[in-house]
Amino acid sequence: MRQKNTSALIGAALLMATSAIGPGFLTQTTVFTKSLGASFGFVILVSILIDIGVQLNIWRVIAVSEMRAQDIANRLLPGLGGLLSLLIILGGLAFNIGNVAGAGLGLEALFGIPVTTGAVLSAFMAIAVFVNRQIGKAMDRFTQVMAGIMILAIIYITVIAAPPVAEAALRTVMPLEIDFVAIITLVGGTVGGYITFAGGHRLIDAGVKGQEALPEVSRSAVMGISAASLVRICLFLASLGIIARGLSIDDSNPTASVFQLAAGDFGYRLFGLVMFAAAVTSIIGSAYTSVSFIKSFSAKIAKNENWIIIGFILISTIVFVALGKPVSLLIIAGAVNGIILPISLSVMLIAAYKPAIVGTYKQPLALTVIGATIVVLMAYMSIRVMVDVL
């Protein structure tokens, strides 16, 4: 039983991490490093602290209530779960179109096949995971392997790029500039929208729930953020190393440019592998979590969950093939999911103090204060960003 829990906890952490580490995650990190330089380290630090506060609050309430987020929201206010589900699914679909495109770009760099063909092949690979009868085990194993590939490849590129670590460390605590758009985009791309619920819902499906499971749930939540943050930090340092050399990062494909400038043609192929791994795991995470937001509304949906997930992936693929060019969508989707975050986190913070939802559980005051502070900060930054855009 303990071995089963350990596998589920690691699987949940990596499902959350790999859901976050998609094409948008890679692109955003490189683009913001190019514009902010070493000061982007401060943005990463702030986003990590916010991410941990969000994950701990939400995962613990899900575990204690033994309910998915939409059911918690409906208990709090009838109809609220439907609204939350709609927001999550729309954000998940927007991300998934970019994920499918990113997988195609990855296979193009790796094998030279057309992007559209690669996108379709990647979608069918993701679908194969959900055709498997032991869906939980298949998903956990696949995300573990892909996460390992991404982390090792990016660490290699970081070492080769020889970044100015001392300068990065200094500007992480003493930035020359602070960019609210970068902060909200990073937070939205790491724990915004569906991503923050991916691991929590996976644990519910695996039967890891209740107050007795809270220490394990908390460790799993922090583990997920740590894995995603490790990739973010390494990619930031690699990009900074290229900039410090005086080399120019290509705006048309910034992350590929960093890998290629660091390690030549091999680096470009390695980028293809990382992009593919990041994208295909994000396709799986987005589809699984998005559908988990509606399966409790109907017995028919729950019974046909895997087929609906497959349909979600197919729709994302068809939209990409029809429209193409989702690069700007990747940045926008991160910001939109960052705007959704104050709403979803507020719901969970209020639910944590409703005995009808959490029973006798008492949410630690420190976590509540941290969560409420994050809601205020993210709401403020969201308003700032929208005002600037308008």
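**Exercise 1. Two helices that cross**

Which handedness, left-handed or right-handed, does the crossing of H6 and H12 have? Work on this predicted model, and describe how the two helices pack and which residues make the contact.

*Solution.* Begin with the general rule that two packed helices are described by the angle between their axes and the distance between the axes. For helix H6 (residues 115–131) and H12, the axes are 10 Å apart and the packing angle is about 50°. An angle of this kind makes H6 oblique to H12, and the crossing of the two is right-handed. Next, look at the residues: H6 contributes Ser122, Met125, Ala126, Val129 and Phe130, while H12 contributes Phe276, Val280, Ile283, Ile284 and Tyr288. Sorted by class, the residues of the contact of H6 with H12 are nine nonpolar, one polar and no charged.

**Exercise 2. A second pair**

Describe the packing of H3 against helix H9 (residues 180–191) in the way used above.

*Solution.* The first step is the geometry, in which the axes of H3 and H9 come within 9 Å and cross at roughly 40°. This makes H3 oblique to H9, and their crossing is right-handed. The second step is the contact itself, where Phe40, Val43, Ile44, Val46, Ser47, Ile50, Asp51, Val54 and Gln55 in H3 meet Ala182, Ile183, Leu186, Val187, Thr190 and Val191 in H9. The third step is to sort by class, which gives eleven nonpolar, three polar and one charged residues for the contact of H3 with H9.

**Exercise 3. The two sides of a helix**

Which residues of helix H8 (residues 165–173) are buried, and what covers them?

*Solution.* The buried residues of H8 are Ala168, Arg171 and Thr172. Viewed down the axis of H8, these buried residues fall within an arc of 110°, so they line one face of the helix. It helps to recall that an α-helix has 3.6 residues a turn, so residues three or four places apart point the same way. On the other side of H8, Ala166 and Val173 are exposed. The cover over the buried residues of H8 includes helix H3 (40–65) and helix H11 (214–244).

**Exercise 4. Positive phi values in loops**

Where do Glu66 and Ala162 lie, and is each one buried, partly exposed or exposed?

*Solution.* Glu66, which is not a glycine, has a positive phi near 60°, and this residue lies in the loop between H3 and helix H4 (69–76). Its relative accessible area is 41%, so Glu66 is partly exposed. Ala162, likewise not a glycine, has a positive phi of about 50° and lies in the loop between helix H7 (135–161) and H8. With a relative accessible area of 54%, Ala162 is exposed, because the cut-off for exposed is over 50%.

**Exercise 5. Two buried residues**

Where are Ser290 and Ala213 found, and which residues does Ser290 contact beyond its neighbours within four places in sequence?

*Solution.* Ser290 is in helix H12 (residues 254–292), and with a relative accessible area of 1% Ser290 is buried, because buried means under 20%. Leaving aside its neighbours within four places in sequence, Ser290 is in contact with Ile88, Ile89, Gly92, Tyr194 and Phe312. Ala213, in turn, is found in the loop between helix H10 (195–206) and H11, and at 6% relative accessibility Ala213 also counts as buried. Finally, compare sequence with space: Ala213 and Ile184 are 29 residues apart in sequence, and from C-alpha to C-alpha they are 31 Å apart in space.

How values were computed: Residues numbered from 1 in each chain as written. Predicted model: local features only at pLDDT ≥ 70, side-chain atom pairs only at ≥ 80, totals over all residues. Heavy atoms only, no water. Buried < 20%, exposed > 50% of the residue type's maximum accessible area, 1.4 Å probe, protein only. Helix = DSSP H or I, 4+ residues; strand = E, 2+ residues; numbered from the N terminus. Arc of directions from axis to C-beta. Contact = heavy atoms within 4.5 Å. Axes fitted to C-alpha atoms, helices over the stretch in contact; angles between N-to-C directions. Parallel < 35°, antiparallel > 145°, perpendicular 65-115°, else oblique. Left-handed = near helix turned anticlockwise from the far one by under 90°. Nonpolar A, V, L, I, M, F, W, Y, C, P; charged D, E, K, R; others polar.
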